[in-house]
Amino acid sequence: MNKITLIGEKMKLRRSERMVVISNYLINHPYELTSLNTFAEKYESAKSSISEDIVIIKRAFEEIEIGTIETITGAGGGVIFSPSISDAEAKTIVQGLCDQLSESNRILPGGYIYLSDLLSTPSILNNIGRIIAKSFKDQQIDAVMTVATKGVPLANAVANVLNVPFVIVRRDLKITEGSTVSVNYVSGSSGDRIEKMFLSKRSLKAGSRVLIVDDFLKGGGTITGMISLLSEFDSELAGVAVFADNAQANRDYLGYKSLLKVTNIDVKANTIDVEIGNIFD
């Protein structure tokens with residue numbers, strides 16, 4: 001039986017073993033530049049051998065569409081892994097979510113839809129994070145923003161794939177947030193309520209490009225409020241993504257992308273009509 005020899009934090013590995021641990025490292029450190037010397041020293045291998053490993057891993061990752069590996073040359077160079085997901089796999093996942101959201105037992109009093117089970121399942125959140133991250137792969141995103149509370153797991157999943165911080169906007173003032181910035185926003189599908197949202201001054205750096213993520217888009221007031229907050233931090237909107245939206249309202253001005261679109265909720269007939277959103281457009 002082959003053994004891995006550990007020397008402090010270093011280890012001597014066979015090529016097959018080395019490729020496994022390098023692959024695992026890259027997958028768990030997306031969008032990070034890692035020097036080939038880091039791998040060479042850690043696994044006590046020649047830099048040329050590590051370079052050959054990367055070529056093989058790169059080809060395998062791209063063939064099965066796990067992601068891409070970019071090689072940066074020069075003294076400060078290295079490799080950067082950008083995660084992805086195939087269109088076929090993404091569409092299969094979203095169609096499955098569409099079927100689940102169409103279940104009649106999800107209708108709640110007042111015409112609301114029960115989403116908590118879907119947005120609390122790690123495997124589902126991970127897949128949604130991969131799909132949304134791919135949709136915005138050409139944008140330079142510095143942070144993901146959401147509003148408490150249902151959007152938090154979703155934003156966390158997206159931020160995890162993008163390997164960027166996520167910030168939480170709150171509707172109530174908490175002493176643990178320290179100094180905050182607040183804006184008023186219109187709440188409710190009919191726009192009949194004015195409410196306030198808060199964001200800690202320490203949570204977002206000036207000049208950040210921010211992806212706003214939310215669970216359900218109805219009237220658009222909450223997202224409009226978060227966009228207003230960005231200007232208070234001298235930050236820029238990189239995009240808006242939601243798990244699902246209500247097709248009966250027009251919010252094209254937000255330029256958002258949705259995984260699912262709820263086209264009709266019939267409380268009397270106990271039916272929900274759901275279709276795939278514009279995430280693949």
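**Two domains, two helix pairs and a pair of unusual loop residues**

In this predicted model, glutamate 65 sits in the loop that runs from helix H3 (47–63) to strand E3 (67–72). Its backbone is a bit out of the ordinary: phi of glutamate 65 is near 60°, a positive value in a residue that isn't glycine. For context, most residues other than glycine have a negative phi. As for solvent, glutamate 65 has a relative accessibility of 39%, so it counts as partly exposed.

Aspartate 234 tells a similar backbone story. This residue lies in the loop between helix H7 (221–232) and strand E12 (236–246), and here too phi is positive in a residue other than glycine, at a value near 55°. Aspartate 234 reaches 61% relative accessibility and therefore counts as exposed.

Stepping back to the whole chain, there are seven helices and 14 strands. The C-alpha atoms fill a box of roughly 65 × 45 × 30 Å along the principal axes. Of the 281 residues, 44% are buried. Looking at contacts with a separation of 6 or more, 59% come from residues 24 or more positions apart in the chain.

The chain splits into domain 1 (15–83) and domain 2 (87–276). Taken over C-alpha atoms, the centres of the two domains are 33 Å apart. Where the domains meet, six residues of domain 1 are in contact with five residues of domain 2.

Now for the helix packing. A pair of packed helices is described by the angle between their axes and the distance between those axes. Helix H1 (residues 15–28) and H3 have axes that come within 10 Å and cross at roughly 65°, and the crossing is right-handed. On the H1 side, the contact is made by Arg15, Arg18, Met19, Ile22, Ser23, Leu26 and Ile27. H3 brings in Ser49, Ile50, Glu52, Asp53, Ile54, Ile56, Ile57 and Phe61. Sorted by chemistry, the residues of this H1–H3 contact come out as nine nonpolar, two polar and four charged.

The other pair is helix H4 (residues 87–101) with helix H5 (residues 122–135), which pack at an angle of about 125° with axes 11 Å apart. H4 and H5 are therefore oblique to each other, and their crossing is left-handed. H4 supplies Asp87, Glu89, Ala90, Ile93, Val94, Leu97 and Gln100 to the contact, while the H5 side consists of Ile124, Asn127, Ile128, Arg130, Ile131 and Lys134. That contact divides into seven nonpolar, two polar and four charged residues.

One more loop deserves a look. Alanine 75 is found between E3 and strand E4 (78–83). With a relative accessible area of 91%, alanine 75 is exposed, since the cut-off for that label is over 50%. Alanine 75 and proline 122 are 47 residues apart along the chain, and their C-alpha atoms are separated by 39 Å.

Definitions and conventions. Residues numbered from 1 in each chain as written. Predicted model: local features only at pLDDT ≥ 70, side-chain atom pairs only at ≥ 80, totals over all residues. Heavy atoms only, no water. Helix = DSSP H or I, 4+ residues; strand = E, 2+ residues; numbered from the N terminus. Buried < 20%, exposed > 50% of the residue type's maximum accessible area, 1.4 Å probe, protein only. Axes fitted to C-alpha atoms, helices over the stretch in contact; angles between N-to-C directions. Parallel < 35°, antiparallel > 145°, perpendicular 65-115°, else oblique. Left-handed = near helix turned anticlockwise from the far one by under 90°. Contact = heavy atoms within 4.5 Å. Nonpolar A, V, L, I, M, F, W, Y, C, P; charged D, E, K, R; others polar. Domains from an automatic or database assignment.
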